[in-house]
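Here's a walk through one protein chain, written for someone who would rather look at residues than at statistics. Keep the viewer open as you read.

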Amino acid sequence: CCPIHTRRCPQSAGYIVPSEIIVRPQFEVSQIIDRFGLQYIEQCQPNSFTLRTLDALQKCRTSALGGHKDVCDCCAKQRISYNSCGNRHCPKCQSNKQALWVDDRIRDAMDVKYFHVVFTVPQALNQVCLLDSKWFYSNMFECAWSVLQSFGYSHYGVESGAICVLHTWGQNLGLHPHIHCIVPSAGLTVKGNLKRIAKQGKYLYPVRMLSVVFRGKLLEKIKRQLKQGNQLRQYQSLLDDVWKKPWVVYCEPPFGNAQQIVKYLGQYTHRIAISNHRIQNIDGSGITFLYKDYKDNSKKKLTKLSGVEFLRRFCLHILPYRFVKIRYYGILSSKQKDQLRLLQAKKPEVKVKETLQERILRITGFDRYQCPFCKTGIMHTIELLPRIRSPDNVLYQTAQLSV
């Protein structure tokens, strides 16, 4: 019931290592919610879904969610483990999900080179994004895949594929929507044959052309949406300015094999706006955290925000309810997985029955049942700790009372 406390090691290119090897952070997002959550509610009045998310993060791995008490059969020492919230915005709950996702994608990976393509939008469009973020992000996905699909047909005559991942933040927690894509250098021809693509294996598509087409497709959808809501006149000058500026679409050259590129993308799939290890200090005046200054050779620097401003920016990146942030298109979609396996002459996959903990042990090499004290005994559960039923959601109840 309690996920393994693991984190991604920065020196292992995506491999997961036990958290005992890495020093646990002194400051956490949950502490910021404890200290500044009520002020944030009073000043910003977030919606109920945002409040439920903050409440989950606040209670993660505390007695409020219950847990279990274990005892070692060798040294007789006891350990209490509290349950995790499992929320996708929680900085404590992503390592295992990331490890399992990478393991699944490596099993499905094609034996071809992969390209990393990033679609971004100008900062000026943040105003439009905040009007309806769910619509905006969905159409970013649609336009990004439409561009990749059309270029696959026009340049190579194939149906290509992509795994697309949405990110919404910059290093300073500002709103910065962009989509990471990995695109295989292969596609299906009209006759249903698998064909290798990419010019001499060095580049996939002309980046400037990708940028122009992506800009045209997304702005067309935005104008149509604003026109339906009678808001086009209000934002017409903004859209005209954005049209005149070049948009950034970045495409990295291929590197390594399929496993390496999947592990590389795995660093992006389950990342959240800020990790606990970036938070350097929490005091009455605000939160100090690290960020990378890309304008200054990616040097790490410190910045400080007030508690309310930090939570306001953090909540900008809480995705809409049930919004899918990882999407599979073309030959990488689930519909074409079996056909692709046949074309690559792969043997049918033999599924080995594994429990979740057995699978985690195979991937990470960390055994959650091993005693963390003597390193030889096995931990056995002797008592289940129930959830605390009341109060259910302090932040939500406070918001209701303030209204």
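A residue is called buried if its relative accessible area is under 20%, exposed if over 50%, and partly exposed in between (1.4 Å probe, protein chains only). This is a predicted model, in which local features need pLDDT of at least 70 and side-chain atom pairs count only at pLDDT 80 or more, while totals for chains, interfaces and linings use all residues. Numbering starts from 1 along each chain as its sequence is written, and side-chain values use heavy atoms, with hydrogens and water left out.

**Glu383 and its distant partners**

With a relative accessible area of 35%, Glu383 is partly exposed. Glu383 belongs to strand S15 (residues 379-385); helices (H or I, at least four residues) and strands (E, at least two) are DSSP runs, numbered from the N terminus. Look at how far along the chain this residue reaches: the C-alpha atoms of Glu383 and Asp70 are 7.2 Å apart, although their positions lie 313 residues apart in the chain numbering. Leaving out residues up to four places away in sequence, Glu383 touches His68 and Lys69, where contact means heavy atoms within 4.5 Å.

**The sheet around S5**

Now for the open sheet. Its 5 strands run in the order S10-S5-S7-S6-S14, with antiparallel pairing; two strands pair if DSSP finds at least two bridges between them. S10 and strand S14 (326-330) sit at the edges, each pairing on one side only. On average, neighbouring strands are turned by 20 degrees against each other, direction ignored. Helix H8 (residues 258-269) packs on this sheet, touching S5, S6, S7, S10 and S14, and its direction makes about 30 degrees with that of S6. Those angles use axes, which are lines fitted to C-alpha atoms (for helices over the stretch in contact), and run from 0 to 180 degrees between N-to-C directions.

How many residues of S5 are buried? The count is 7 of its 7 residues. Tyr114, His116, Val118 and Thr120 point one way from S5, and Phe115, Val117 and Phe119 point the other way. S5 pairs with S7 over 7 bridges and with S10 over 4 bridges, again in the antiparallel sense. His116 has a bridge partner on each side: Ile182 in S7 and Glu252 in S10. Phe119, for its part, stands opposite Ile179 in S7.

**Two nonpolar cores**

A nonpolar core here is a set of buried Ala, Val, Leu, Ile, Met, Phe, Trp, Tyr and Cys residues joined through side-chain atoms within 4.5 Å. The largest one has 47 residues, and Phe119, Leu125, Phe136, Phe214 and Ile222 touch the most other members. Among the elements that give two or more residues to this core are strand S5 (114-120), helix H5 (133-156), helix H6 (207-228) and strand S10 (249-252). H5 gives the most, with 12 residues.

Phe214 is a good place to zoom in. Setting aside neighbours within four places in sequence, its contacts are Phe119, Thr120, Val121, Met140, Cys143, Ala144, Val147 and Trp247. There is also a second, separate core of 28 residues, including Ile32, Leu54, Cys60 and Ala273.

**Asp103 and Arg362**

Asp103 is in helix H3 (residues 95-108) and counts as buried because its relative accessibility is 15%. Its side chain makes a polar contact of 3.1 Å with that of Arg362. (A polar contact is a pair of N or O atoms within 3.5 Å; within protein, one must be able to donate a hydrogen and the other to accept it, and residues adjacent in sequence count only if both atoms are side-chain atoms.) Not counting residues up to four places away, Asp103 touches Arg359, Arg362 and Ile363.

**Positive phi, and cysteines**

Most residues other than glycine have a negative phi. Here are two residues with a positive value.

| Residue | Phi | Loop | Relative accessible area |
|---|---|---|---|
| Arg61 | near 55 degrees | between helix H2 (48-59) and strand S3 (67-72) | 19%, buried |
| Asn297 | about 55 degrees | between strand S12 (286-293) and strand S13 (299-305) | 67%, exposed |

What about disulfides, meaning pairs of cysteine sulfur atoms within 2.5 Å? The count comes to 0. For Cys44, the nearest cysteine sulfur is that of Cys315, 8.1 Å away. Cys44 is partly exposed at 30% relative accessibility, whereas Cys129 is buried at 0%.

Technical notes
Disulfide = S-S within 2.5 Å.
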